[in-house]
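Biologist: I would like a close look at a single part of this model, namely the place where the two chains meet. Could you walk me through what you find there?

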2 protein chains.
Amino acid sequence: MSTSDITTKTIEGYAAQKVGALLELFQYDCPQVGPWDIEVEITHCGLCHSDLHLIQNDWGGSTYPLLPGHEIIGIVKQKGSLVQELEIGMRVGIGWQGSSCGKCEWCHQGEENLCLKQEATCVGHFGGFANKIVADSRFAFPIPEPLDSVNAAPLLCGGATVFSPLLQHNVDATMKIGVVGVGGLGHLAIQFAKALGCEVFVFSSSPEKEAEAKKFGAHHFLSSTHPNAENLVDLLLYTSSGSVDAKSYLKLLRPKGKLVIMGAPKDQQVDLEVFDLIVGRKTVCGSNIASAPVIRKMLQFAALHGIEAQTELFAMQDINLALEKLANNEIHYRAVLEN
Amino acid sequence: MSTSDITTKTIEGYAAQKVGALLELFQYDCPQVGPWDIEVEITHCGLCHSDLHLIQNDWGGSTYPLLPGHEIIGIVKQKGSLVQELEIGMRVGIGWQGSSCGKCEWCHQGEENLCLKQEATCVGHFGGFANKIVADSRFAFPIPEPLDSVNAAPLLCGGATVFSPLLQHNVDATMKIGVVGVGGLGHLAIQFAKALGCEVFVFSSSPEKEAEAKKFGAHHFLSSTHPNAENLVDLLLYTSSGSVDAKSYLKLLRPKGKLVIMGAPKDQQVDLEVFDLIVGRKTVCGSNIASAPVIRKMLQFAALHGIEAQTELFAMQDINLALEKLANNEIHYRAVLEN
């Protein structure tokens, strides 16, 4: 895409005109930059499974034209009168969450990702597969200098999603952390858990991923269906998609262990019995993106420890190629679009 | 039962000779009192649904003759050479857990209820529906003076089970606590949540229980299937039996809310989808009795706040009548046997 029209009143991106359609060039009028808003010239945008779910309306509620993209990196070009922290010319990142009410108890306590009136960057709004976006500055985060834009883009949603439960559940370096799946989320989860100082167990049904999992920081690589695999980890991050055989995964937990589920295909069932939870006092829970303060911490932590996504870079106009490879599970490990 | 033979080398109790049988008078040789053991003359023993499950071998693994009973109150009659805290003549209580390995990390950190080698008072051992018992002193707790023996007996298992998650999950007085079910566990859960200073919501399908639920301390009494009931509580203690419609109960939770399941019938399914957990970052977990330190705290807290079970008292020889009423859900709210 040409960025020559960046200063006009039109934004150009790629949108699906109907359920499951290929993305096509699409223009819309640039919204007014409100007092809390910034206008961002997008340089990169990561491609997340959620974008695919939105295009295919897997969760219901998608509206078309649908312009996805919510792992945005770009440069601030304009700012509203109340924006203090961000300056024109700064490099910022924007993730899944686009806004919150700002008035409820969750917003008050810095847990905007729990706000019942939150809105997503690309649900009911036009997202990041575009040349620019007008965004709420409270959900745009300065990108620390050491992070490369291409490999940092996937941190905004994927990285935040896997980092958040490590913080929520007070993970410390004495704990044993498991990761199910070595994909877009999983390869980031392994790196964060390793950097937190934990002993890292990776469970996968793809033996060929062992070498890379260990390169990302795994200490152990096991088949998740190994008959003797049990009582191993304190926290198990389930990053795969498909139905969750919670009964088997709960067996991998040590007493007090927690299974955290973060993929969200449509109608994804969790199969378990009460005894699986009661014996050893175990937990099944979900992770939904991350709060703004946690995203800030995540970016600082990633910069300090050199954590970044392993990416395949596509030109923005090749968005449909990237989507096809993602749908076929052929991306290692995260696709990023570049303007 | 006569207690005239309390000083002989025989213990008399009531045992099932086979799966589902009525309990019959049964004698066994009094075990040696080891260095850490105490011999307790049983005055009272509460009747818990778990006893029924054991008799009926609902969980598999029951061995017969099976002498149940694990909500014991009695008087220390003998003590081993290493027992320091307990003295002959003291009134003590004994609950579900009878022993632990004493050597694992969970035992080291005072979470013996997570020990993988723990044993139960009346599984593979003869329990509390008897005139006496020889027990590991580390799992026998002094009963604070203000507590009545009859109404304190059910605290040892039922009380511990509902109190423990309130502590584990750091409940404070600003939180909203829900209780599903107004029965043996539920009526204790309401009292503990009220005494912790919380706003207490009771969910029940029995409208006739509203007055008593409010007497126990409930602020609100709602039908659990009320179509508008959602986003109400931070912690929901599920004390009912039967399959858990987790999907509906998760809706009752506020963001970050937790559903704690404590009943454990055989093959009890938990029905939910991943989205139910991810939206609002919710949790489903189990509670398994309580650690020894938590049982001590629970007894002190109950004594301070006047929390006790509402009981129906039976003579020990009427154990089968009590079991029948329990099986028919006719006990209000907890049966206690007396020698």
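Modeller: Happily; what follows goes from the symmetry of the pair to the contacts, and ends with a helix of chain B. Please keep in mind that this is a predicted model.

Let's begin with how the two copies are arranged. Chain B is superposed on chain A by a rotation of 180 degrees, with 0.0 Å of shift along the axis and an RMSD of 0.0 Å. The two copies are thus related as by a two-fold rotation axis. If you want a landmark for that axis in chain B, look for B:Val284: its C-alpha is the nearest one, 2.6 Å away. Both copies use the same surface, as 100% of the contact residues of chain B recur in chain A.

Now to the extent of the interface. On one side 38 residues of chain B are in contact, and on the other 39 residues of chain A. Between them an area of about 3300 Å² is buried, and carbon and sulfur atoms give 59% of it. Within chain B, the residues that lose the most area to chain A are B:Val274, B:Ile278 and B:Arg281, which together make up 19% of what that side buries.

There are charged and polar links too. The rule finds four salt bridges across the interface of chain B and chain A. One of these joins B:Glu105 to A:Arg254, with the closest N and O atoms 2.7 Å apart. Polar contacts add to the picture, with 13 residue pairs found across the interface.

Which elements of chain B give two or more residues to the side that touches chain A? They are helix 2 (105-108), strand 14 (253-261), strand 15 (269-273), helix 8 (274-278) and strand 16 (283-286). Strand 15 of chain B provides the largest share, five residues.

To finish, here is helix 10 of chain B, residues 319-327, where B:Ile319, B:Ala322, B:Leu323 and B:Leu326 are buried. Viewed down the helix axis, the buried residues fall within an arc of 100 degrees, so they line one face of helix 10 of chain B. The general reason for such a pattern is that an α-helix has 3.6 residues a turn, so residues three or four places apart point the same way. What covers the buried residues of helix 10 includes strand 1 (10-16), strand 2 (23-29), strand 3 (37-47), helix 1 (49-55), strand 17 (311-315) and strand 18 (334-338), which belong to chain B as well. Just after helix 10 of chain B, you will find B:Asn329 with a positive phi of about 55 degrees.

Notes:
Residues numbered from 1 in each chain as written. Chains lettered and ligands numbered in written order. Predicted model: local features only at pLDDT ≥ 70, side-chain atom pairs only at ≥ 80, totals over all residues. Heavy atoms only, no water. Buried < 20%, exposed > 50% of the residue type's maximum accessible area, 1.4 Å probe, protein only. Helix = DSSP H or I, 4+ residues; strand = E, 2+ residues; numbered from the N terminus. Arc of directions from axis to C-beta. Contact = heavy atoms within 4.5 Å. Least-squares fit on C-alpha atoms with pLDDT ≥ 70 in both. Buried area = accessible area lost by both parts, 1.4 Å probe. Salt bridge = Lys/Arg side-chain N within 4 Å of Asp/Glu carboxyl O. Polar contact = N/O pair within 3.5 Å; in protein donor to acceptor, adjacent residues only side chain to side chain.
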